[in-house]
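Reader: I have a structure open next to its sequence, and I would like to walk through it with you. Could you help me read it?

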Amino acid sequence: MFKSYLLIAFRHFLREKRATFINLTGLGVGLASAVFIILYVYDELSFNSMHPYADRTYRLGFGYTLTNGSVEKNYEAPGNWARKLKENVPEVQQTLRVLHAPFPTTIENKDAQKTVLVNDCRWTEPQIAEVFELNLIKGDTAHLFKQPNSIAISQTAAKTLFGDEDPLGQTLTIKDNQFTKGQEEDLVVTGVYEDYPANSTFKFQYLINIHSLRPYQDDFSGFMEGASFEEYVVLKENAAFEKVDNYLKKECDQLQKENTQYVSNVFAIPVKLTDLHFNNETTWDFTGTPGSKKSLTLLSMVALLILIIA
């Protein structure tokens, strides 16, 4: 009986070729559109999920209300927050401070006479692999930043500066107007890592050991405490963020008391790494456009409607 139904349907398709073509084309386009929408929504919702502790890693920013009522928000946080959280809050597994140069940095391979001027350069504390995914193609995490004057570069950066040559152990010369005070500094390439995927907000091409800046700071410890950093906190498994939040509130209250002449309120801006792509409280130094969960909900409804109609 089922065979006869198929035969009748096939004969109908042959009689109504134009209508059949239009219907099948519409069905194919509809299904393809729905699939593309679903894949896009999945990609957006999986932002930063490749990092090992993404569901318990937080980016810290801070803001303040001036005495005139205006509110300022910053994608960086005071450097001493990271140390204090690690020392005083048992729920904290690891912290990380990353320094961003506000102006382009010059990086040169003098042997190959290749020079690049980059904005995606970061000075980082050595424990970066304990916070972010770092898939090394060359080198190993145990020795990556063991020496102060060390640099890890992405696969793309390695191709740009070294071509097909092995970068490991080679020297790159860096010059930054702010952090190296316009002086050249030689760094040894200790690792090459895979490029970060498009759905990672952390995808910089050059990672430099922050201890390489010691010669340019009279008081390096004071610099690490007093400067502002891109700051990350990883909680221990099953730990609640509440105690971290309470500690940050105390720090903010202390900052407000020390600057009562200028500010009436100081507040932390903690954002979970998996939510960072969708957060627009501040710029977070994004290289791309922040996502919108409302738009994703709307797109999901459109995909569902297409499937129902198809």
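Author: Gladly; what follows is a set of questions and answers on this predicted model.

Reader: Let's start with helix H6, residues 242-258: how far apart are its end C-alpha atoms?

Author: H6 has 17 residues, and at 1.5 Å a residue they should span 24 Å. The expected span is 1.5 Å times one less than the number of residues. The model agrees with that expectation, since the end C-alpha atoms are 25 Å apart.

Reader: Which strands and which helix are included in what covers the buried residues of H6?

Author: The residues to be covered are Val244, Tyr247, Leu248, Glu251, Cys252 and Gln256, the buried ones of H6. Cys252, for one, has a relative accessible area of 2%. Their cover includes strands S1 (57-66), S4 (92-100), S13 (228-235) and S14 (263-272), along with helix H3 (79-88).

Reader: On to strand S7, residues 121-124: which residues point one way and which the other?

Author: Being buried does not separate the two sides here, because all four residues are buried, and buried means under 20% relative accessible area. Cys121 comes to a relative accessible area of 1%. The direction does separate them: Arg122 and Thr124 point one way, and the other way point Cys121 and Trp123.

Reader: Which strand runs parallel to S7, and which antiparallel?

Author: S7 is joined to S12 (residues 206-209) by 4 bridges, and Cys121 stands opposite Tyr206 there. With S4 there are 3 bridges, and His100 has Arg122 of S7 as its bridge partner. So the parallel strand is S12, and the antiparallel one is S4.

Reader: In the hairpin of S5 and S6, which residue takes a positive phi?

Author: Strands S5 (residues 105-109) and S6 (residues 114-118) run antiparallel and are joined by 5 bridges. Ile107 stands opposite Val116 in this pairing. The hairpin has 4 residues between the strands, and the positive phi, near 55°, belongs to Gln113.

Reader: Turning to the aromatic rings, how many aromatic pairs are there, and how are Tyr58 and Phe241 arranged?

Author: The count comes to 11 aromatic pairs. Tyr58 and Phe241 form a pair at 4.1 Å centre to centre, with 20° between the planes. Planes under 30 degrees apart count as stacked, so this pair is stacked.

Reader: How many residues apart in sequence are the parts that this pair ties together?

Author: Tyr58 lies in strand S1, while Phe241 lies in the loop between S13 and H6. Tyr58 is buried at 13% relative accessible area, and Phe241 is buried at 14%. The parts they tie together are 183 residues apart in sequence.

Reader: What kind of pair do Phe132 and Tyr232 make?

Author: Both residues are buried, and they belong to one aromatic cluster with Tyr193, Tyr196, Phe202 and Phe204. Their ring centres are 4.8 Å apart with the planes at 85°, so the pair is edge-to-face.

Reader: Which charged residue lies over the face of Phe229, and which over the ring of Phe278?

Author: For Phe229, Arg97 lies at 5.9 Å from the ring centre. For Phe278, the distance from the ring centre to the charged end is 5.3 Å, and the residue is Lys293.

Reader: Finally, how many disulfides are found?

Author: A disulfide is a covalent bond between the sulfur atoms of two cysteines. The search covers the whole structure, and the number of disulfides found is 0.

Technical notes: Residues are numbered from 1 along each chain as its sequence is written. This is a predicted model: local features need pLDDT of at least 70, side-chain atom pairs count only at pLDDT 80 or more; totals for chains, interfaces and linings use all residues. Side-chain values use heavy atoms; hydrogens and water are left out. Buried means under 20% relative accessible area, exposed over 50%, partly exposed in between (1.4 Å probe, protein chains only). Contact means heavy atoms within 4.5 Å. Two strands pair if DSSP finds at least two bridges between them. Rings of Phe, Tyr and Trp (its six-membered ring) pair if their centres lie within 6.5 Å; planes under 30 degrees apart count as stacked, over 60 as edge-to-face and the rest as tilted. A charge sits over a ring if NZ of Lys or CZ of Arg is within 6 Å of the ring centre and within 35 degrees of the ring normal. A disulfide is a pair of cysteine sulfur atoms within 2.5 Å.
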